[in-house]
Amino acid sequence: MSLKHYVIAQFIERFHTPPTFVVRAPGRVNLIGEHTDYNDGFVLPMAIEHAVWIALRPNATRTLNLAFVDFAQHSSFNLDQFERGAFAPIEYVKGMAQKLLDDGYELVGWEGVMSGNVPAGAGLSSSAAVEMAVGQAFQAVSGFRISPHQLAQHGQWVENEWLKLKSGIMDQMISASGVEGHALLIDCRSLATQLAPLPTHSAVVIMDTGTRRNLVDGKYNERFNECAQACRALGVNKLRDADLSLLENHAGQLDPLIYRRARHVISENARTLQACETMRRDDATQLGQLMNASHASLRDDFEVSGEALNEIVEIAQAQAECFGARMTGGGFAGCAVALVNREHANAFAERVLHTYREAYFNDRPSMPNDATPQLYVCTPSQGAQILTD
Ligand code: GLA
């Protein structure tokens with residue numbers, strides 16, 4: 001059963017009537033441009049078919065009732081009186097409600113069920129997908145419309161102010177405004193987007209290492225602070241405003257670690273712009289090389305890769321049909337991404353999965369949040385939607 005039909009069936013089981021609306025918001029995979037968004041730089045992600053779905057109806061009260069069927073949890077709160085609580089899925093919903101109320105939108109109570117297939121903690125933006133689906137749900141029942149950009153900014157507010165994670169805007173932007181068949185070059189300063197078509201004979205393969213982040217969100221904020229330190233030393237507002245020659249001129253005054261952090265962000269911004277050009281030229285080979293260089297920079301200069309990610313990326317890069325591969329998302333664990341020859345994508349996925357399991361995963365000590373390693377060939381999907389049929 002598709003997730004759409006599943007949330008509808010779950011809704012009917014609980015509320016004995018069909019839902020008024022069904023909304024969907026996708027996860028994403030980032031092709032290149034990592035840890036650049038909170039530096040006002042460039043990213044090149046695509047929305048994927050893995051998504052969060054909500055079936056819902058307005059309930060003519062001030063209460064919001066939501067069943068998180070994947071977590072066997074049910075939560076509710078009053079739209080006129082709620083506070084931040086301990087971390088739980090409902091906090092994303094409360095955060096979105098708070099931001100919409102702060103901005104003067106009139107909200108209507110609703111009840112619904114949510115389910116999704118974006119793995120959590122895997123670097124595929126399950127939280128942004130939840131935020132964008134909830135944003136669509138509020139729009140559907142309350143009858144207002146806001147732009148995908150604004151919706152994305154609201155989601156980032158939830159992360160930064162409600163959940164206290166200093167993340168950038170990439171995940172929400174691509175979940176809100178993804179376009180079928182394309183990646184999107186996003187300028188994270190102006191929020192301008194440009195379509196980037198996947199090279200004709202290529203396919204994108206997500207490589208889930210089965211490892212999950214454990215208590216590393218602190219590392220994310222640490223990288224954010226290191227970038228801010230680099231900006232102060234270089235005399236720029238954001239690392240987007242620096243180039244390699246400015247960095248070299250200040251090399252002597254910079255702490256070596258801060259120098260490497262800045263070198264990653266500055267070089268990654270340049271690679272991301274080049275990557276978009278290679279896509280316009282339909283040049284999968286060059287795009288793959290840029291992805292390989294991105295991985296090395298994230299591993300060595302920014303130090304956000306991990307053992308499992310490095311293993312699977314090396315295995316992928318060694319395959320004849322692979323144009324390039326890299327870790328994707330925040331890093332440390334979770335998923336990597338490969339660009340491969342489309343004709344052989346399935347054979348590639350099977351071979352890499354087998355080799356990775358044999359050479360690494362099966363022998364490592366198991367960790368509390370481990371999942372099953374998986375590879376999937378994926379196609380760029382549409383951003384968040386309210387479905388009418
Ligand atoms: C996480 C954050 C994004 C971005 C990436 C790294 O996914 O949510 O804003 O910073 O890490 O590129």
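Domain bounds, as I shall use the term, come from an automatic or database domain assignment. Good morning, colleagues. The structure before us is a predicted model, and I shall take its domains, its ligand and its cysteines in turn.

Let me begin with the overall division. The assignment gives domain 1, covering 3-195 + 382-387, and domain 2, covering 197-378. Domain 1 is thus written as two segments, 3-195 and 382-387. The C-alpha centres of these two domains are 25 Å apart. How many residues of each domain are in contact with the other? For domain 1 the count is 39, and these touch 46 residues of domain 2.

I turn now to the ligand. Which domains supply the residues around it? Both do: domain 1 and domain 2 each provide at least three residues of the shell. The residues concerned are Arg28, Glu34, His35, Asp37, Tyr38, Ser167, Gly168, Met170, Asp171, Tyr220, Gly329 and Gly330. Sorted by class, the shell comprises four charged, five polar and three nonpolar residues.

Three acidic side chains deserve individual mention. In Asp37, a side-chain N or O atom lies 2.5 Å from an oxygen atom of the ligand. For Glu34, the corresponding distance from a side-chain N or O atom to a ligand oxygen is 2.6 Å. Asp171 likewise has a side-chain N or O atom 2.6 Å from an oxygen of the ligand. As for cover, the ligand taken alone exposes 310 Å², and the protein buries 90% of that area.

Finally, the cysteines. A disulfide is a covalent bond between the sulfur atoms of two cysteines. The structure contains zero disulfides. Why does Cys231 not form a bond with Cys227? The sulfur of Cys227 is the closest cysteine sulfur to that of Cys231, yet the two are 7.0 Å apart, which is too far for a bond. Cys231 is also buried, at 6% relative accessibility. Cys378 is likewise in no disulfide, and its nearest cysteine sulfur, in Cys335, is 9.6 Å away. With a relative accessible area of 8%, Cys378 is buried.

Thank you for your attention.

Conventions: Residues are numbered from 1 along each chain as its sequence is written. This is a predicted model: local features need pLDDT of at least 70, side-chain atom pairs count only at pLDDT 80 or more; totals for chains, interfaces and linings use all residues. Side-chain values use heavy atoms; hydrogens and water are left out. A residue is near a molecule or strand if one of its heavy atoms lies within 4 Å of it. A polar contact is a pair of N or O atoms within 3.5 Å; within protein, one must be able to donate a hydrogen and the other to accept it, and residues adjacent in sequence count only if both atoms are side-chain atoms. Accessible areas come from the Shrake-Rupley method with a 1.4 Å probe; for residues, only the protein chains shown count as cover. Ala, Val, Leu, Ile, Met, Phe, Trp, Tyr, Cys and Pro count as nonpolar, Asp, Glu, Lys and Arg as charged, and the others, Gly among them, as polar. A disulfide is a pair of cysteine sulfur atoms within 2.5 Å. Buried means under 20% relative accessible area, exposed over 50%, partly exposed in between (1.4 Å probe, protein chains only). Contact means heavy atoms within 4.5 Å.
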